[in-house]
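Here's a quick walk through a couple of odd backbone angles and a ligand shell. Have a look at the model first, then read on.

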Amino acid sequence: MADPFVELRDVTKAYRRDESEVPVLNGVDLTIGRGERVSIMGRSGSGKSTLLNILGCLDVPSSGEYRLDGHDVSHLSDNELSRLRNATFGFVFQSFHLLKGLTIAENVELPLEYCEGGASHRDRALELLTLVGLEHRLSHRPNELSGGERQRVAIARALANHPKLLLADEPTGALDSKAQRAILDLFTRVHRSLGTTLVIVTHDPKVAEELGDRVIHMSDGRVGG
Ligand SMILES: Nc1ncnc2c1ncn2[C@@H]1O[C@H](COP(=O)(O)OP(=O)(O)OP(=O)(O)O)[C@@H](O)[C@H]1O
Ligand SMILES: [Mg+2]
């Protein structure tokens, strides 16, 4: 691959439960190019979310190597990892993880609190919420939005820090076909205009095909073709 951005080599992950270890990833090799769009499919429990968490440095491998943009990130401290997360990744979680007590504008501003200066946070939030078509809902709270609208807020928030890698776990899982269409178009627009590398986990082959330059399949904690 000409310009690898993500390189996983023989990555394993096991969770300790009581006295035993539960193996979840069993030697994952995966290379993703800069600006590439990759869809991940696989049965429930095959390790997709675990892999996504490792890619986004929310979790660390039990063994193996993770190189991000040419740097080994397998052995960073918690502080180094959180700095890397803020500077590099945007996450879209299936359950949104929006804060109920905040307006949607405040939710989108939140990641910016951890960054330095630049345009005012409110301006950036307005820009992002306009991108996702929710500029008329700034002062609404998440429980005053539909599921599809909440998902668009979650995407706007994930983009706040200009992520180089956008990771999305079942971003269209709970949506009807019209709301799903809006999310798919939004990801396509984001990729076209910002060139962001995308990794999307989905159960839906049509979503995988449309959003991925490449679809990879996980089974038994490994990545196939
Ligand atoms: N913190 C944990 N402790 C112990 N086992 C875990 C933990 N997190 C995940 N697992 C186990 O790891 C396996 C893979 O989980 P993971 O969430 O990665 O699956 P998934 O492919 O995302 O599934 P789904 O499609 O249902 O979201 C499951 O069998 C799960 O029980
Ligand atoms: Mg999952």
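D69 sits in the loop between β4 and β5 (71–72). In this predicted model, D69 has a positive phi, near 55°, even though D69 is a residue other than glycine. Is D69 buried or partly exposed? D69 counts as partly exposed, because it has 15 C-beta neighbours inside 10 Å, and the buried class starts at 20 or more.

There's another case of this kind at C57, which isn't a glycine either but has a positive phi of about 55°. You'll find C57 in the loop between α1 and β4 (63–68). C57 has 21 other C-beta atoms within 10 Å, so this one is buried.

Here are the two side by side:

| Residue | Phi | Loop | C-beta atoms within 10 Å | Class |
|---|---|---|---|---|
| C57 | about 55° | between α1 and β4 | 21 | buried |
| D69 | near 55° | between β4 and β5 | 15 | partly exposed |

Now for the ligand. What surrounds ligand 1? The shell is made up of Y15, R17, V22, V24, G42, S44, G45, S46, G47, K48, S49 and T50. Sorted by class, that's seven polar, three nonpolar and two charged residues.

Which elements supply at least two residues of that shell each? They are β1 (4–17), β2 (20–33) and α1 (48–55). The top contributor is α1, which puts in three residues. And α1 ties back to the earlier part: the loop that holds C57 runs between α1 and β4.

Technical notes. Residues are numbered from 1 along each chain as its sequence is written. Chains are lettered from A and ligands numbered from 1 in the order in which they are written. This is a predicted model: local features need pLDDT of at least 70, side-chain atom pairs count only at pLDDT 80 or more; totals for chains, interfaces and linings use all residues. A residue is near a molecule or strand if its C-beta atom, placed from the backbone, lies within 6 Å of it. Helices (H or I, at least four residues) and strands (E, at least two) are DSSP runs, numbered from the N terminus. Ala, Val, Leu, Ile, Met, Phe, Trp, Tyr, Cys and Pro count as nonpolar, Asp, Glu, Lys and Arg as charged, and the others, Gly among them, as polar. A residue is buried if 20 or more other C-beta atoms lie within 10 Å of its own, exposed if 12 or fewer, and partly exposed in between; C-beta atoms are placed from the backbone.
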